[in-house]
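Student: I am new to this structure. Please take me through one part of it closely: the surroundings of the ligands.

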Amino acid sequence: MKLFKKKTSAPDTSKIKHIAFIMDGNGRWATRRGMPREYGHTVGAKVFRRIVEYCSDIGINCVTVYAFSTENWKRPEKEVSALMELFRVYLKDAVATMMKRDIRIVFLGDKSLFPEDIRETMLGIERDSINNKNRLNIAMNYGGRDEIVHAVNELIAEGKKEICEEDITSHLYTLDAPMPDLIVRTAGEIRTSNFLMWQSAYSEYYFTDKLWPDLNERDVDEAVCVFNRRKRNFGGV
Ligand code: IPE
Ligand code: IPE
Ligand code: MG
């Protein structure tokens with residue numbers, strides 16, 4: 001006789017085509033340990049990889065992570081250069097894993113502000129992974145407002161005099177990615193901080209107080225389970 005039903009399986013992800021993460025709380029995580037904020041970013045980068053791999057394990061084929069916003073340049077120079085150094089090391093390192101998992105990487109945001117070597121690395125990664133089936137969007141120097149302005153400027157350059165919603169959608173940095181079904185934000189902040197403004201019109205949000213470096217697979221399971229209990233109306237009844 002079975003007394004307990006063992007919970008072994010991952011949650012049902014069939015309704016999630018795209019999950020996005022606002023990876024917040026690295027600084028606080030480090031400060032609480034008496035460490036410099038930069039240390040939090042290093043640990044956060046490892047967690048990023050682990051979470052992306054887990055999403056792919058449980059069958060979510062499109063993941064977006066918010067790594068650096070258009071506003072994050074305002075941070076002290078020491079922190080910004082530590083983040084650039086982390087991108088240098090981490091981007092190349094992460095790529096091998098993503099290639100093995102058939103993941104196409106697309107960077108969301110204006111690459112022109114990054115140092116040339118990082119920009120070249122980003123372009124190379126996008127080129128090399130272009131035929132992969134699954135998708136990882138890494139938002140770097142990304143802002144939702146900047147993205148919409150960029151889309152509109154492209155449409156103007158194409159000579160458009162009047163536009164429709166589809167025109168904007170098809171000129172976003174996310175290209176052909178589906179709209180995010182679920183957006184997870186860590187570290188207790190209940191705001192979007194300029195993330196996927198257009199795409200999130202009907203996204204479900206999941207907020208957790210956990211700081212990004214503490215996030216684990218069970219937390220993703222929990223977010224997915226909460227999502228599965230939500231009723232989405234998309235304006236209908
Ligand atoms: C998120 O963590 C990572 C980036 C924005 C690059 P934070 O650095 O914002 O961490 P907190 O919010 O200060 O704790
Ligand atoms: C949002 O976090 C940006 C990223 C996670 C990359 P922030 O820490 O920059 O957001 P605010 O400033 O608290 O709104
Ligand atoms: Mg923050």
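Tutor: Start with helix α1, which gives the most to the shell around ligand 1, with three residues. Keep in mind that this is a predicted model. Helix α1 covers residues 26-31. Helix α2, residues 37-57, also supplies at least two residues of that shell.

Now walk round the shell of ligand 1. On one stretch of the sequence lie Met23, Asp24, Gly25, Asn26, Gly27 and Arg28. Then come Arg37 and His41. Ala67, Asn72, Arg75 and Glu79 complete the list. By class, this shell holds two nonpolar, five polar and five charged residues.

Which atoms come close to the oxygens of ligand 1? Look at the backbone before the side chains. A backbone N or O atom of Gly25 is 3.3 Å from an oxygen atom of ligand 1. For Asn26, a backbone N or O atom lies 3.2 Å from an oxygen atom of ligand 1. Arg75 uses its side chain: a polar atom there is 2.7 Å from an oxygen atom of ligand 1. On its own, ligand 1 has 380 Å² of accessible area, and the protein covers 87% of it. The space that ligand 1 takes is the largest pocket.

Turn to ligand 2. Ligand 2 also sits in the largest pocket. Its shell begins with Ile22, Met23 and Asp24. Tyr66, Ala67 and Phe68 belong to it as well. So do Asn72, Arg75, Arg185, Arg191 and Ser193. Strand β2, residues 62-69, makes the largest share of this shell, with three residues. The classes here are five nonpolar, two polar and four charged residues.

Compare the two lists. Met23, Asp24, Ala67, Asn72 and Arg75 appear around ligand 1 and around ligand 2.

Arg75 deserves another look. An N or O atom in its side chain is 3.2 Å from an oxygen atom of ligand 2. The Arg75 side chain also has a polar atom 2.7 Å from an oxygen atom of ligand 1. Two other side chains reach ligand 2. A polar side-chain atom of Arg191 is 2.8 Å from one of its oxygen atoms. In Ser193, a side-chain N or O atom lies 2.6 Å from an oxygen atom of ligand 2. Taken alone, ligand 2 exposes 390 Å², of which the protein buries 78%.

Finally, step back to the whole protein. It has seven helices and six strands. Along the sequence they follow the pattern β-α-α-β-α-β-α-β-α-α-β-β-α. The radius of gyration is 18 Å, close to the 18 Å that the globule rule gives for 237 residues, so the protein is as compact as a globular protein of that length. Its C-alpha trace spans about 70 × 50 × 35 Å along the principal axes.

Methods:
Residues are numbered from 1 along each chain as its sequence is written. Chains are lettered from A and ligands numbered from 1 in the order in which they are written. This is a predicted model: local features need pLDDT of at least 70, side-chain atom pairs count only at pLDDT 80 or more; totals for chains, interfaces and linings use all residues. Side-chain values use heavy atoms; hydrogens and water are left out. A residue is near a molecule or strand if one of its heavy atoms lies within 4 Å of it. A polar contact is a pair of N or O atoms within 3.5 Å; within protein, one must be able to donate a hydrogen and the other to accept it, and residues adjacent in sequence count only if both atoms are side-chain atoms. Accessible areas come from the Shrake-Rupley method with a 1.4 Å probe; for residues, only the protein chains shown count as cover. On a 1 Å grid over the protein atoms alone, a cavity is a set of points where a 1.4 Å probe fits but cannot get out, and a pocket is an open set with protein on both sides within 12 Å along at least five of seven lines; lining residues have an atom within 4 Å of a point. A molecule sits in a cavity or pocket if more than half of its atoms lie within 2 Å of its grid points. Helices (H or I, at least four residues) and strands (E, at least two) are DSSP runs, numbered from the N terminus. Ala, Val, Leu, Ile, Met, Phe, Trp, Tyr, Cys and Pro count as nonpolar, Asp, Glu, Lys and Arg as charged, and the others, Gly among them, as polar. The radius of gyration is taken over C-alpha atoms; the globule rule is 2.2 Å times the number of residues to the power 0.38.
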